[in-house]
Structure formats: structure tokens, C-alpha cells
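Please open the model in your viewer and keep the sequence panel beside it. The stops below go from the whole chain down to a single pair of residues.

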Amino acid sequence: MHIPPVSRRTAGKMLAVTAAGALLAGSFTACSTTGSGDAQGDVTINVALAANPQMKTAESLISDFEQKNPGIKVKFTTLPENDLRPTVTKDVATKAGQFDVAMMGSYEVPIWAKNNWILPLDNYAKNDPSWKQDDLLKPISDIVSADGKLYGAPFYGSSSFLFYRKDLAQKAGVTISQTPTWDEIAAAAAKMDDKSAGVSGICLRGLPGWGQNLASLTTVINTFGGRWFDENWQPQLTSPETKKAVQFYVDLLRQHGQPDAAKDGWEGCLQKMSQGTTAMWYDDTVFAGSVLGQATPAVKDNIGFAMAPTGPANIKSGWLWSWGLGITASSKHPDAAWKFISWVTSPDYIKLAGQKAGWDSIPPGSRKSTYDLPEYQKAASQYADLTLKSIQAANPNQPTAQKVPYTGVQYVQIPEFVDIGDFVSQQVAGAISGTQSVDEALQKSQDFAAKAVKTAGYLK
């Protein structure tokens, strides 16, 4: 895959540093393994986290780390995903030094690594055998690496699958298979939709954001045979396959989705599934434990799981994702930062989280050993194997039926996708809310994407 150099516009958007960053990179790398970057005495490391349930568990257990590492204090900045990304990107790009440890998604890792905004972790991992690098699930380790080097320690790994209410399906006379199609799910949503009881047939992300509604929608586009760009970087957002997929998604939400769907991201759907106000939900495998942990007994006992639905293109398109923790190039305490990262992403932490916060609260999908724990096997018996199967089935190198010049299942791994994806997600939200048609939304999106990739130099 060839990716042209980042354009001036994109570089400005991402606040990239040039000559100054290059001069500093060597000294940052040097201190990353020697400890020379850590001052004597007590230090405080600043950690940026996404406000997801598993991260909140980590924050609640920090006393265990501080007891084991006297002299190191941890200060958390916990933000919603849509706020975390620009805040942390600005910090690492300008090397402002606000954060020592940055939580980053698999989308950011190769981009930040190429710009020397984060430090490679291989030497740390090599010198820390208790961390057990060889225990990491390979698909997850691969997406938080770049050029053969590990840059993000996986906190959790995930794919996407379907949550559904078995009792409501039975009541409606429908059967949800373990490998459903989107047509089958739409038909089931129509039958299980019960507005008089306050239950929607399905809940899907409608909230704008490239990591919100586009995460779900892009996998649907893939299964319908659509793609973001062709092999020459020409946008394909108005192609028949993409139009059909987006119209399907919008119609499904408008007819049988949750009320005001354009306002709901994963947080809203998680709440609705747990509270029993939706019959189905397609989303991240990581939320299985949270749904079961928060649900009332009547709801919990009736939740089932199935693989990500397929579409007319008959390809599997559950996404592949990891939230990883990296050491920023501007960290004044890289060794202390690694100690925290090692603690919170280790096999021992997973056991601690299970014992202290409940086995539904552990970060899943990152390590093979997690799935050998008897306690976790018991707690996650309904979805553990399906999570692993979903992760193994995802293919970020060839996410669509047609050839593409990019990697990423639910995103396009180029710097410009932040702007492109956020713009498109706003247009899709407009179609979901009814302020414009799907055709109008996609034509605007096509025009914006074409201008963006042309400015960046992708189009010849």
C-alpha cells in the first residue's frame, strides 16, 4: 500500500512538528531505555484515558500500582472518545508534554509512530519478562505495531458482533442464527419492534464521529460490496454499493431503531440494551461484559450473541480495534510511564480486575491467557469464544470485496481520515435525523473526500 506524504493542510491540522521534532527524537529515544529521563525521588505521571468502562475500572484500582511502585503517582485525565482524540493528538504532535502516557486507538498508532510522537516499546517489553509479550493475541499486537515495532501496549482488543434478546425474538417468532445476514436482522428488527412497550427493534450508532456512527456503518458498507476509495484513491461514496448500504442503515434506524438515533453513540445503545429498551444492538465485543454487568436479571438472562451480520457481498466485516497505551516522545518520566503501562496491561492486572471489580470488568481481547482463566471462562461463557472468533475473522488488510489502497476495517488508516470521516459522519447523521436525503448526504461526502485526497496528493 502506498500512502503519499502528508499534505501541508493535514500537517497543519494534526499540528505536526518538523525540524524541531527531528532534533528532539534522538534524545527521547535515548532516555526510553536507560531511565535517564526519570528524575530522582517522587514523580507524577500524567495518563490520558478514554472514558470507557474498562478504563474506569483501571482508575479505581490505581492504589495497587502505587503500593507496588512507591515514588510514582498517577494522575488521570479521562475524556469521552470524541474529546480524547483531538486533545491527545494536539499534545503529542506539539510535544507539549501534558501527558506521559497516551491511550490511542489502533488507527493512530502507525501515524504517530511515523511522526516520532510516541516511543517504541520493544526494549521495555524485552527487559520486562513478567509482562509476557508473547502472550498477546497476534491480530491485536499487529494493529498496535508499526514497521515491526510495538508502539502500543494493548489494553483491550475487540471486534464487533450482535447482541440480541432471546426472549423477544421468541415472542416475535424469529430465529437469530450465529451467522446472520443484514437482511435477516432487518426482518427481525421489524418483528421485534414494539413501540407501545418502549422497545426498539435495534439500536445502532447514529452519533456523528468517525469513531462513532462511521465505525458501524463502514462495516455495513463493506458487507454490501462498497468501499471508501478505489485503487487510485478516487472516492466511492456515491457508488451503487455504498449508496445501497447507507440507505439500508438509515432506513433501518428510521423505521425500527431507537428514538433520536442521531444522538446515540455506543454509550446510548449500551444503556438501552442493558435497560431492556432495545431488542438488538450491533457494536463492539468489548461491551458484552458491561451489558451483562449492568442489566437487570430479567434482561441479563435473555441476552444472546451472534457474529457480525454479512451483506450481499457475503464477506465477514466485524471490525478490528484496540485501545493501546503508549509513551509520548515528550514524557519526562518514560521509565515510570512504562511501569504503569506494564502494570495495567499485564496478565496480573487482568486477574486483579476480575477479583476486585468482577470478571465482567476485565479488559478482554488482548491476551491468550485471559481465555484460559477458569473464572473468566465461567463469567464470559456466552461470548468469550465468539469474541476470539470475531477478532480472528477480521481482515484489516483486505476489508472489502474489492481491492483498496488502504488498511482498516472500520476506518481508513490515513491522516486525512479524521477530517473526512468526521465530515461524512455529520452528513450521515443528517440523513438519519431526516434533515437531508441519503443521496444528498453522500454527494456532499463524495465532494469533500475528493477535495481532501486531491489536496493531500493522493490523486494524481
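Begin with the whole protein chain in cartoon view, where 21 helices and ten strands can be followed; helices (H or I, at least four residues) and strands (E, at least two) are DSSP runs, numbered from the N terminus. The radius of gyration, taken over C-alpha atoms, is 22 Å, close to the 23 Å that the globule rule gives for 460 residues, so the protein chain is as compact as a globular protein of that length; that rule is 2.2 Å times the number of residues to the power 0.38.

Before going further, note that this is a predicted model, in which local features need pLDDT of at least 70 and side-chain atom pairs count only at pLDDT 80 or more, while totals for chains, interfaces and linings use all residues. Residues are numbered from 1 along each chain as its sequence is written, and side-chain values use heavy atoms, with hydrogens and water left out.

Turn the C-alpha trace along its principal axes, and it spans about 65 × 55 × 30 Å. If you colour by accessibility, buried residues (under 20% relative accessible area, 1.4 Å probe, protein chains only) make up 60% of the 460 residues.

Next, select Cys203 and Cys269, which form a disulfide with sulfur atoms 2.2 Å apart, the criterion being a pair of cysteine sulfur atoms within 2.5 Å. Cys203 lies in the loop between helix H10 (182–192) and helix H11 (213–223), whereas Cys269 belongs to helix H13 (residues 266–275), 66 residues apart. The torsion about their S-S bond is about -80 degrees, so the disulfide is left-handed. Cys203 is buried, at 0% relative accessible area, and Cys269 is buried at 0% as well.

Notes: Buried < 20%, exposed > 50% of the residue type's maximum accessible area, 1.4 Å probe, protein only.
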